[in-house]
Amino acid sequence: MEVPFFRPEIGREEMDEVMAVLRSGWLTTGPRVKRFEEEFGKAVGAPHAVALNSATAALHLAVEALGLQPGDAVLVPTMTFAATAEVVRYLGAHPILVDCDPVTLNLDFGDAREKLRALRSGRLPARIPAGARVVGIIPVHVGGLMLDVRAVEALAAEHGLWVVEDAAHAFPASWRPAPAAAWQRCGEGTSAVSCFSFYANKTITTGEGGMATTSDDALAERMRLMSLHGLSQDAWRRYSGGTKWDYRIQAPGFKYNLTDVAAAIGIHQLARAEELRIRRERIAARLSEELSDVEELDLPPSPPDRIHSWHLFPIRLRLDRLAIDRNAFIDELKAAGVGCSVHWRPLHLHPYYEETFGWRPQDLPTATAVWERLVSLPIFPAMGEPEIAHVADTVRELCRVHRRAAASAAS
Ligand SMILES: Cc1ncc(COP(=O)(O)O)c(C=O)c1O
């Protein structure tokens, strides 16, 4: 049996809506995008939602709208995808990489404070000027498990930082600050901007796409303006509804708008988002149950104060109990028909960040150690029971076959 790492689930409604757009004569940003923005804003409880062609675009527009300047510094987790840090570089600013929690893989607030202290005292190992002004933080909700939002708020308040959430994995996801408190959705929080991804394998997809949500009118206005060449009004408004053909260039903007073809898919994915999330949650529960007694593994946590989007199911191999390394484990999984991936090689172990800033493996020791153990197993709503069983059986069998003799004797 072959189980892919991911298989998108596109329903009849998505297909019919795309066909309706294709027949309508209006393919680019228009009424479907407007509807998608309104419905997504309602779904996360945000007054403004700006639809874009990627989460990377959302992150870029967010830091631009917040006024990030060349030479500024921003706290960025090292355990993330390229996009989170590259947008800081787009504006000539410095990402200060922060280590991760070994279990959740989310940002380690103790290390964030340590990195700030080290920068102030000129002890930061990276080549970032000691006088660099730290203006913001871009936390990531890794795999869709929200990090402790209170801890982000406390750190931001202490150091006067803005917060841009990289919520690429975190829709729909929520957290609860106390057992009796109300659930708070990712996107309605106190961060300046939350940036969601609708890339092909995300929890809801538009093929490629993203959304920036905010409750700040000025940030929303700036991001909207900069998303389309800095023009005073977009094409749909110019060619429809009696508005004028004329426009003014207000700023040298970007070309980040979402198309109506993509939004047509998004509208119906959004309507099914909770149903899709529940199916992922059930698969995560099944995998956790099947693998709970495999002593060579650590499984992803599922704390009761989080509603997890389950974009990823990252297991951590206990390499001390296995006579095989992670890469060989993945090769064997693939040979047995189980697609998998790794999220991620941390940023400080990529040539660009090593060479530009001089980060060394020991500067972010938890991420350096944990990434060698990471394997993301398949998890997608359309995964059937035989596929779940095949993934669990294959992982269990590989652990049995490669169990270290000494460890099995001790256990
Ligand atoms: C944590 C994180 N941030 C940002 C992105 C970028 O998303 P997009 O592909 O929509 O630009 C990704 C993509 O996988 C991601 O995993």
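**Exercise 1. State what share of the residues in this predicted model is buried, and assess the overall dimensions of the chain.**

Step 1. Buried residues account for 55% of the 411 residues in the protein chain; a residue counts as buried when its relative accessible area is under 20%.

Step 2. The protein chain exposes about 17000 Å², and carbon and sulfur atoms supply 54% of this area.

Step 3. For 411 residues, a compact globule would have a radius of gyration near 22 Å; the value for the protein chain is 22 Å, so the two agree.

Step 4. The C-alpha trace spans about 80 × 60 × 45 Å along its principal axes.

**Exercise 2. Determine the strand order of the open sheet of 7 strands and identify the strands at its edges.**

Step 1. The protein chain contains 15 helices and 13 strands.

Step 2. The open sheet of 7 strands runs in the order β1-β9-β8-β5-β4-β2-β3, and its pairing is mixed.

Step 3. β1 (48-52) and β3 (94-98) each have a single partner strand; therefore one side of each lacks a neighbour in the sheet, and these two strands stand at the edges.

Step 4. On average, neighbouring strands of this sheet are turned by 25° against each other, direction ignored.

**Exercise 3. Describe how β5 pairs with β8, and how helix α5 packs on the sheet.**

Step 1. Strand β5 (residues 162-166) pairs with strand β8 (residues 193-197) in the parallel sense over 3 bridges.

Step 2. Val-164 stands opposite Val-193 in β8.

Step 3. Helix α5 (residues 109-120) packs on the sheet and touches β2 (73-77), β3 and β4 (134-137). The direction of α5 makes about 130° with that of β3.

Terms used: Residues numbered from 1 in each chain as written. Predicted model: local features only at pLDDT ≥ 70, side-chain atom pairs only at ≥ 80, totals over all residues. Heavy atoms only, no water. Pairing = 2+ DSSP bridges. Helix = DSSP H or I, 4+ residues; strand = E, 2+ residues; numbered from the N terminus. Axes fitted to C-alpha atoms, helices over the stretch in contact; angles between N-to-C directions. Contact = heavy atoms within 4.5 Å. Rg over C-alpha atoms; globule rule 2.2 N^0.38 Å. Buried < 20%, exposed > 50% of the residue type's maximum accessible area, 1.4 Å probe, protein only. Areas by Shrake-Rupley, 256 points an atom, 1.4 Å probe, with all protein chains shown as cover.
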